[in-house]
Amino acid sequence: MNTREEIKTAIDRITRELGGRARLLAAVKTVPPEYINYAIDCGVTLIGENRVQEVLEKYGKIDRTRAQLHFIGALQTNKVKYIIDKVDMIQSVDRATLALEIEKQAAKHDIVMPVLVEVNIGGEESKSGIRPEDAPGFCAFLATLPHIRVSGLMAVPPKSGDQEKNAEYFREMRKIFIDISALKVHNVYMEILSLGMSGDYPTAVENGSTMVRIGSAIFGARPKAATEEK
Ligand SMILES: *Cc1c(COP(=O)(O)O)cnc(C)c1O
């Protein structure tokens, strides 16, 4: 875990690198609330949590007046009810059962939940995300749900370490994003393309990302158990 000074330096550097081309979301799995609030003091306005448990533990301790909270991790359908009134966006919607539960819970709270469709761009069996070829149809389906607002796409490409390979995945995502925009489906808004993490965000931004999700490059290495998901 980085010191406060290291966190501030990293946020300043990344913000400079992004140069207004993409928004910075701080991915905060395992990060304690006081460090999250410090990141908010340093100018972070988007916070991303992966686990329902962490959302619940930290809720009330994070300064939500200056930052939005996005859910970015794998989400079990039966846990939607715990977070529906605590998050500003769900970035990881990848199946109809999950969407229908979000619709139901959002209706109960009389809210409209912005969502991103998670795409399994690398076609990895172990990963969540809808198949690329199914993304347009899935967006059209979501558009029929009155308490969901489709606001874009998200992906976590395979860990390769090869920036050229990652760039290809990002370009494929950009193409799907543009193709869906071109369909002009009522109630589908392709505004956010959430791509890029600590290891590849400059490549993601070069290839069309409008929101990067950065954890370790801001907060330092996570405890090992936390890095072994997805
Ligand atoms: C952990 C996580 C990130 C950030 O990963 P880093 O490599 O630490 O930047 C981004 N997106 C998702 C979905 C994550 O789970």
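# Briefing: a buried lysine, two helices and a ligand site

Lys58 is buried, with a relative accessible area of 7%. That value falls under the 20% cut-off for buried. The model is predicted. The points below take Lys58 and Met154, then helices H1 and H5, then the ligand.

**Lys58**

- Lys58 belongs to helix H3, which covers residues 52–58.
- Its side chain has a polar contact of 3.1 Å with the side chain of Glu49.
- Another polar contact, of 2.7 Å, links the side chain of Lys58 to that of Glu54.
- Leaving out residues up to four places away in sequence, Lys58 touches Val28, Thr30, Val31, Pro33, Ile36 and Glu49.
- Glu49 thus appears both as a polar partner of the Lys58 side chain and in the list of residues that Lys58 touches.

**Met154**

- Met154 sits in strand S6, residues 148–155.
- Met154 is buried, and its relative accessible area is 0%.
- Beyond its neighbours within four places in sequence, Met154 is in contact with Ile72, Gln91, Ser92, Leu116, Val117, Glu118, Val119, Met173, Ser194 and Arg213.
- Gly196 is 42 residues from Met154 in sequence, and their C-alpha atoms are 9.4 Å apart in space.
- Two of these contacts of Met154, Ile72 and Arg213, also appear among the residues around the ligand.

**Helix H1**

- H1 has 15 residues, 4–18.
- At 1.5 Å a residue, H1 should span 21 Å, and its end C-alpha atoms are 21 Å apart, so the two values agree.
- The buried residues of H1 are Ile7, Ala10, Ile11, Ile14 and Leu18.
- Seen down the axis of H1, these buried residues fall within an arc of 100°, so they line one face of the helix.
- Glu5 and Arg16 are exposed on the other side of H1.
- The buried residues of H1 pack against strand S1 (23–27), helix H2 (33–41), helix H8 (201–206), strand S8 (211–214) and helix H9 (216–219).
- Gly19 comes just after H1 and takes a positive phi of about 55°.

**Helix H5**

- H5 has 14 residues, 96–109.
- The expected span of H5 at 1.5 Å a residue is 20 Å, and its end C-alpha atoms are 20 Å apart, which agrees.
- Its buried residues are Leu98, Ala99, Glu101, Ile102, Glu103, Gln105 and Ala106.
- The cover over the buried residues of H5 includes helix H4 (80–83), strand S4 (89–93), strand S5 (113–119), helix H6 (135–142) and S6.
- S6 is also the strand that holds Met154.
- Asp110 follows H5 and has a positive phi, near 55°.

**Ligand site**

- The ligand is surrounded by Ala27, Lys29, Asn50, Ile72, Met197, Ser198, Arg213, Ile214, Gly215, Ser216 and Arg222.
- The side chain of Ser198 has an N or O atom 2.5 Å from an oxygen atom of the ligand.
- Gly215 places a backbone N or O atom 2.8 Å from an oxygen atom of the ligand.
- The side chain of Arg222 has an N or O atom 2.8 Å from an oxygen atom of the ligand.
- Taken alone, the ligand exposes 390 Å², and the protein buries 92% of that.

Notes: Residues are numbered from 1 along each chain as its sequence is written. This is a predicted model: local features need pLDDT of at least 70, side-chain atom pairs count only at pLDDT 80 or more; totals for chains, interfaces and linings use all residues. Side-chain values use heavy atoms; hydrogens and water are left out. Helices (H or I, at least four residues) and strands (E, at least two) are DSSP runs, numbered from the N terminus. Buried means under 20% relative accessible area, exposed over 50%, partly exposed in between (1.4 Å probe, protein chains only). A polar contact is a pair of N or O atoms within 3.5 Å; within protein, one must be able to donate a hydrogen and the other to accept it, and residues adjacent in sequence count only if both atoms are side-chain atoms. Contact means heavy atoms within 4.5 Å. The expected span of a helix is 1.5 Å times one less than its number of residues. The arc is that of the directions from the helix axis to the C-beta atoms. A residue is near a molecule or strand if one of its heavy atoms lies within 4 Å of it. Accessible areas come from the Shrake-Rupley method with a 1.4 Å probe; for residues, only the protein chains shown count as cover.
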